[in-house]
Protein chains: 2
Amino acid sequence: MVKQALYLENLKVGDTFISETYQLSADKIKSFAREFDPQVFHCDENLAEDTFFKGLAASGWHTAAITMKLVTESLPFAHGIIGAGGEITWPQPTRSNDVLYVKSTIKEIKPSKSKPNQALVIVECETLNQRDEVCQILTAKLLSFKKD
Amino acid sequence: MVKQALYLENLKVGDTFISETYQLSADKIKSFAREFDPQVFHCDENLAEDTFFKGLAASGWHTAAITMKLVTESLPFAHGIIGAGGEITWPQPTRSNDVLYVKSTIKEIKPSKSKPNQALVIVECETLNQRDEVCQILTAKLLSFKKD
């Protein structure tokens, strides 16, 4: 589905965007972890049982990367999703059979003082699983531009 | 190299840990982006020239994932690197020929009130390139445990 590109003048506080879903798997969790977060609770189901996570859990950075994929598909900012940074928390682990989706809500729009054509848009992206439990909250600072 | 596992009683504010290096490439940037952040400035050198980034740039979440790999190898917390969350900023883009490393500094140690055996350790992880320019600052909240 082609979504209409959203410029700064199209955005308002409270606007909400719901993504499609993403099916995780143990193989995906272990493949990401072997490359970027090779810790036992992300790489081995059996050994993970005796850890803090009490079973295989996705790397938080894997959850963040999946979230980004879902956000790029559901939040059609003109010029793309360009983040200056943000705050991230993982209230509970993401598991191998989880089906994730992201709910993004515009919380604040801060016009740039030096660049009248752009603003910093504060977007809260909640990553939820199939039971609507929150696995990640990302409060992101995104750049948005006026239409030329 | 096997590093000695660090328990809570081994940590103090100001301790610093320097990682090995990680060589990026255009192929790595595009491969990560196709899976998790399929935007033109992360996927196509030529088209990226006309974007905000003025050339191919790594997804911020790719920089974050590489940072995690380097931190798991350089910060030998007993029981692993378990993050509750943190703040992340990307002061400048990460590029295809960058060689990254991470400098982690313990900024604060907050003993848990309810669990006397553990603490939240605030660690600032700076991700630097071959010119010592800061590409990412992650202020992470990590769990640390006393030795049983």
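Colleague: What makes Lys30(B) count as buried?

Modeller: This is a predicted model, and in it Lys30(B) has a relative accessibility of 15%. The cut-off for buried is under 20%, so Lys30(B) counts as buried.

Colleague: And why is Glu45(B) called partly exposed?

Modeller: The relative accessible area of Glu45(B) is 32%. Partly exposed covers the range between under 20% and over 50%, so Glu45(B) belongs there.

Colleague: How do you know that Glu45(B) forms a salt bridge with Lys30(B)?

Modeller: The closest N and O atoms of Glu45(B) and Lys30(B) are 3.1 Å apart. The rule asks for a Lys or Arg side-chain nitrogen within 4 Å of a carboxyl oxygen of Asp or Glu, so this pair qualifies. The pair links distant parts of the chain, with Glu45(B) in helix H3 and Lys30(B) in helix H1 of chain B, 15 residues apart.

Colleague: What makes Lys30(A) and Glu45(A) a salt bridge?

Modeller: Their closest N and O atoms are 3.1 Å apart, and the limit is 4 Å, so the name fits. Lys30(A) lies in helix H1 and Glu45(A) in helix H3 of chain A, so the pair ties together parts 15 residues apart in sequence. Lys30(A) is buried at 15%, while Glu45(A) is partly exposed at 33%.

Colleague: Why are Glu73(B) and Lys69(B) said to be separated by about one helical turn?

Modeller: Because Glu73(B) and Lys69(B) are 4 residues apart in helix H4 (residues 60-74) of chain B. Their side chains also meet in a salt bridge, 3.0 Å from N to O. Glu73(B), at 37% relative accessible area, is partly exposed.

Colleague: How many salt bridges are there over all chains, and how many cross the interface of chain A and chain B?

Modeller: The count over all chains is 8, whereas across the interface of chain A and chain B the rule finds 0. Between these chains there are, however, 8 residue pairs in polar contact.

Colleague: Which class has 20 residues on the side of chain A that touches chain B?

Modeller: Nonpolar: that side has 20 nonpolar, 9 polar and 4 charged residues.

Colleague: How much area is buried between chain A and chain B?

Modeller: About 2,600 Å², with carbon and sulfur atoms giving 69% of it. Phe36(A), Phe52(A) and Trp61(A) supply 25% of the area that chain A buries against chain B, more than any other three residues.

Conventions
Residues numbered from 1 in each chain as written. Chains lettered and ligands numbered in written order. Predicted model: local features only at pLDDT ≥ 70, side-chain atom pairs only at ≥ 80, totals over all residues. Heavy atoms only, no water. Helix = DSSP H or I, 4+ residues; strand = E, 2+ residues; numbered from the N terminus. Buried < 20%, exposed > 50% of the residue type's maximum accessible area, 1.4 Å probe, protein only. Buried area = accessible area lost by both parts, 1.4 Å probe. Polar contact = N/O pair within 3.5 Å; in protein donor to acceptor, adjacent residues only side chain to side chain. Nonpolar A, V, L, I, M, F, W, Y, C, P; charged D, E, K, R; others polar.
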